[in-house]
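Open the model in a viewer and keep the sequence panel visible. The tour below gives a selection at each stop and then says what is there.

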Amino acid sequence: MQSLNFPQYDFQLREGEKSTEIFDEVRKKWLVLTPEEWVRQHCVIYLRDALNYPMSLMEIEKGLNVAKLKKRADIVVSNTQGENIMIVECKAPEIRIDQKVMDQAGRYNSTLRVPYLLITNGLRHFCCKNIDGKWEF
């Protein structure tokens, strides 16, 4: 897999029947190793190791309803009171982080109303905080 703009981590990888798989430590299961999953797993370990968020406070592919449509946020981080505090939207490295991706995270936030958004394709990362209704990067 492609090198990303994250520290290097040791992941559990194995060859599955049809493709390489990676072990997701949050969900405790093996997943097909897609480029987006590679980014997501790096982000999970970065949140845990560099930012000290316990994996017990992370939910992967959290289901939510946005304008009567079922969607899934890549990672939602909660605080110890159980309040959602951050949405992380992960894209494959070849996906450009543009307004369309930012709007997607914004739509998810219309439901979750978190103070922080982190958007990454593994190469470029954007983090913003909601201050008085305005997003500051």
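What follows is a walk through a predicted model, stop by stop.

**Stop 1: the first sheet**

Select residues 13-15, 20-24 and 29-32, which are strands S1, S2 and S3. The 3 strands make an open sheet, ordered S1-S2-S3, with antiparallel pairing. At the edges are S1 and S3, each of which pairs on one side only. From one strand to the next, the twist averages 35°.

Now restrict the view to S1 and S2. These two strands pair in the antiparallel sense over 3 bridges. Which residue in S2 stands opposite Glu15? Label Thr20 in S2, and it will be found opposite Glu15.

Stay with this pair of strands and add residues 35-49, helix H1. The helix packs on the sheet, where it touches S2 and S3. The direction of H1 makes about 25° with that of S2.

**Stop 2: a salt bridge with Arg14**

Select Arg14 and Glu21 and show their side chains. They form a salt bridge, with the closest N and O atoms 2.6 Å apart. Colour by accessibility: is Glu21 buried or exposed? At 16% relative accessibility, Glu21 counts as buried. Arg14, at 40%, counts as partly exposed.

**Stop 3: Glu37 on the helix**

Move to helix H1 and select Glu37, which has its place there. Its relative accessible area is 5%, so Glu37 is buried. Expand the selection to its contacts, leaving out residues up to four places away in sequence: Glu37 touches Ile22, Asp24, Arg27, Leu31 and Val32. With one of these, Arg27, the side chain of Glu37 makes a polar contact of 3.5 Å.

**Stop 4: Arg40, Glu36 and a network**

Still in H1, select Arg40 and Glu36. The two form a salt bridge, the closest N and O atoms being 3.5 Å apart. Because they are 4 residues apart in helix H1, about one helical turn separates them. Arg40 is buried, with a relative accessible area of 3%, whereas Glu36 is partly exposed, with 27%.

Extend the selection to Asp24, Arg27, Glu37 and Asp74. Together with Glu36 and Arg40, these residues are joined into one network by salt bridges that share partners.

**Stop 5: Arg48 and Glu25**

Select Arg48 and Glu25. Their closest N and O atoms are 3.1 Å apart, and the pair forms a salt bridge. Where in the chain are the two partners? Arg48 is in helix H1 and Glu25 is in the loop between S2 and S3, 23 residues apart, and the pair links distant parts of the chain. Arg48 is partly exposed, with a relative accessible area of 27%. Glu25 is also partly exposed, with a relative accessible area of 27%. In the structure as a whole, the count comes to 9 salt bridges.

**Stop 6: the aromatic rings**

Clear the charged residues and show the aromatic side chains. How many aromatic pairs does the structure hold? There are 4 aromatic pairs. For one of them, select Tyr9 and Phe11: the ring centres lie 6.2 Å apart and the planes meet at 80°, so the pair is edge-to-face. The relevant cut-off for that label is an angle over 60 degrees. Tyr9 and Phe11 are both buried. Add Trp38 to the selection, and the three residues form one aromatic cluster.

**Stop 7: the S5-S6 hairpin**

Select residues 69-78 and 84-90, strands S5 and S6. They pair in the antiparallel sense over 4 bridges. Label Ile75 and, opposite it, Val88 in S6. The two strands form a hairpin with 5 residues between them. In the turn, select Gly82 and read off its backbone angle: phi is positive, about 85°.

**Stop 8: Gly122**

Finish at Gly122, in the loop between S7 (116-120) and S8 (125-131). At 0% relative accessibility, Gly122 counts as buried. Which residues does Gly122 touch, not counting residues up to four places away in sequence? They are Leu4, Asn5, Phe6, Val39 and Lys91. To check the pair with Lys91, set a C-alpha to C-alpha distance: Gly122 and Lys91 are 7.5 Å apart in space and 31 residues apart in sequence.

Conventions
Residues numbered from 1 in each chain as written. Predicted model: local features only at pLDDT ≥ 70, side-chain atom pairs only at ≥ 80, totals over all residues. Heavy atoms only, no water. Pairing = 2+ DSSP bridges. Axes fitted to C-alpha atoms, helices over the stretch in contact; angles between N-to-C directions. Contact = heavy atoms within 4.5 Å. Phe/Tyr/Trp six-rings, centres within 6.5 Å; stacked < 30°, edge-to-face > 60°. Buried < 20%, exposed > 50% of the residue type's maximum accessible area, 1.4 Å probe, protein only. Polar contact = N/O pair within 3.5 Å; in protein donor to acceptor, adjacent residues only side chain to side chain. Salt bridge = Lys/Arg side-chain N within 4 Å of Asp/Glu carboxyl O.
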